[in-house]
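Colleague: Got a minute to walk me through this one? I'd like to start with helix packing.

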Amino acid sequence: MFDQLSGKMSGVLEGLSKNGKLTEGDVTEAMREVRLAMLEADVALPGVRDFVNKVRERAIGHEVLESVSPGQAVAKIVNDALIDALGGAGAVPLNLAAVPPVPVLMVGLQGSGKTTTSGKIALRLSQREGKKVLLASLDVYRPAAQLQLQQLAERVNAITKRVTALPIVAGQSPVEIAKRALDTGRREGCDVVILDTAGRLSIDEALMDEVRQIRAVTNPAETLLVVDAMTGQDAVNTAKSFNEAVGITGVVMSRMDGDARGGAALSMKAITGAPIKLTGSGEKLEALEEFHPERVAGRILGLGDVAGLVERAAETLDHEEGERVAKKMLAGKFDLDDYVSQINQINRMGSISGILGMLPGMGKIKDMLGDKEIDTSIFKRHKAIISSMTKQERKTPGIIKASRKKRIAAGSGTTVQEVNRLLKQFDDMSTMMKRISKMGLGGLMRGMGGAGGLADMMKGMGKPGGRPPFA
């Protein structure tokens with residue numbers, strides 16, 4: 001999402017770091033580039049002015065101009081200013097400090113992802129915090145809206161056994177449904193009641209009046225505005241209107257995995273005063289994360305988000321399987337069954353591009369790839385090829401000769417050439433694993449940019465048959 005802004009900001013800071021000593025003119029020119037980069041990223045003008053003025057004021061101070069490494073000093077200032085613009089260091093948790101059942105009011109425009117986000121929050125609260133959650137749809141206008149939330153609740157309950165939906169009663173008004181939801185929540189011992197309100201295609205007074213009435217009878221601990229990150233500054237304008245009309249305590253940004261330029265996230269706190277609390281990045285119910293400003297700032301500046309990557313790995317990976325495969329790798333005894341296991345682990349982590357974006361310094365490796373898209377469909381073809389092999393062939397690929405290759409290709413719906421490419425790439429990988437076992441991981445990292453290093457392995461992923469990132 002922040003790729004465009006990240007590339008330009010990284011370029012500006014890299015240019016500053018090349019200078020032995022900064023002048024006020026250097027800082028002024030750099031801030032002009034930062035201003036343009038932020039405006040192109042669709043950041044609201046007041047937010048841009050505040051950000052640039054804050055950075056420039058600190059950057060032309062004595063401690064920077066006289067610094068031994070002024071480029072790094074400015075990078076630190078920019079990083080701190082980005083964190084402030086995004087809401088300050090540390091995630092802001094949902095406020096559930098109230099007498100159960102705690103009402104959580106979901107508001108937003110139609111199509112912003114409000115209903116799906118309600119289901120995601122229910123899963124998160126029930127799975128991570130052991131909360132018993134009641135989901136209630138107050139949308140009596142959109143066809144099948146209440147049924148949609150009911151089906152979401154059933155999906156979540158199949159996972160956690162702690163989420164239910166309020167039974168649908170035809171003819172009730174949104175306010176009557178809200179009262180019934182709280183009564184049901186109290187009777188059934190629920191910890192949280194999530195109230196999914198109706199949306200509109202645009203802001204109108206009827207919508208705001210309805211939300212005000214619901215808020216008055218429920219007194220929610222949280223009023224969460226769901227906005228679509230893909231709508232850019234429209235998302236900020238929506239947030240401003242809702243905040244002024246009904247008051248919001250936090251923002252949930254959906255579709256953060258899209259190709260929006262990121263300006264809405266950078267503008268939200270400055271324009272509304274409400275923090276971004278959660279972000280959604282996909283249709284899966286598990287695709288909801290806390291918003292950490294310092295991590296987002298790190299990704300914008302090319303510093304990565306190692307903490308986020310570790311969290312994602314902890315939540316999604318099979319660690320026992322990972323340790324088993326890692327031991328075989330380091331012993332140089334990696335086979336095709338292990339390769340399939342690693343493909344499955346990678347798929348659980350999400351997209352390759354997303355993983356790369358969370359690693360420090362990976363922007364340069366992306367540059368090496370040029371404008372090629374990372375084609376992960378090769379993993380599916382490789383799994384099909386390997387599944388057509390016998391157990392002995394997967395353990396000892398060296399026995400696969402011409403007749404076996406024809407049989408494997410026919411069984412997997414691929415060609416002999418694709419089978420050959422897989423075997424050649426696996427042989428290259430096995431050689432590299434043996435090299436690691438001899439020289440250690442440090443030696444591999446030193447060779448990242450050279451022949452056979454990580455960067456070299458990733459070249460060619462832009463076309464079918466190209467090298468995938470093994471392991």
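Modeller: Sure. Bear in mind that this is a predicted model. Helix 6 (residues 114-128) packs with helix 7 (residues 145-160) at about 25 degrees, and the axes are 10 Å apart.

Colleague: How do helix 6 and helix 7 run, roughly parallel or roughly antiparallel?

Modeller: Angles under 35 degrees count as roughly parallel, so helix 6 and helix 7 are roughly parallel to each other. Their crossing is right-handed.

Colleague: Which residues make the contact?

Modeller: From helix 6, they include Thr-115, Gly-119, Ala-122 and Leu-123. From helix 7, they include Leu-149, Leu-152, Val-156 and Ile-159. By class, the contact has six nonpolar, eight polar and no charged residues.

Colleague: Switching to helix 8. What does it pack against?

Modeller: The buried residues of helix 8 pack against strand 1 (102-107), strand 2 (133-137), helix 7, strand 4 (192-196) and helix 9 (205-218). Among those buried residues are Val-175, Ile-177, Arg-180 and Leu-182.

Colleague: And what comes after helix 8?

Modeller: Gly-189 follows, with a positive phi near 70 degrees.

Colleague: Which residues other than glycine have positive phi?

Modeller: Lys-161 is one, with phi near 65 degrees. Asn-219 is another, near 50 degrees. Lys-161 lies in the loop between helix 7 and strand 3 (163-165), Asn-219 in the loop between helix 9 and strand 5 (222-228).

Colleague: Are those two buried or exposed?

Modeller: Lys-161 is exposed, at 63% relative accessible area. Asn-219 is exposed too, at 62%.

Colleague: Last one: where is the cis peptide bond?

Modeller: It joins Pro-100 and Pro-101, with omega about -5 degrees. Pro-101 is in the loop between helix 5 (70-85) and strand 1.

Definitions and conventions. Residues are numbered from 1 along each chain as its sequence is written. This is a predicted model: local features need pLDDT of at least 70, side-chain atom pairs count only at pLDDT 80 or more; totals for chains, interfaces and linings use all residues. Side-chain values use heavy atoms; hydrogens and water are left out. Axes are lines fitted to C-alpha atoms, for helices over the stretch in contact, and angles run from 0 to 180 degrees between N-to-C directions. Helices (H or I, at least four residues) and strands (E, at least two) are DSSP runs, numbered from the N terminus. Angles under 35 degrees count as roughly parallel, over 145 as roughly antiparallel, 65 to 115 as roughly perpendicular and the rest as oblique. A crossing is left-handed if the near helix is turned anticlockwise from the far one by less than a right angle, and right-handed if clockwise. Contact means heavy atoms within 4.5 Å. Ala, Val, Leu, Ile, Met, Phe, Trp, Tyr, Cys and Pro count as nonpolar, Asp, Glu, Lys and Arg as charged, and the others, Gly among them, as polar. Buried means under 20% relative accessible area, exposed over 50%, partly exposed in between (1.4 Å probe, protein chains only).
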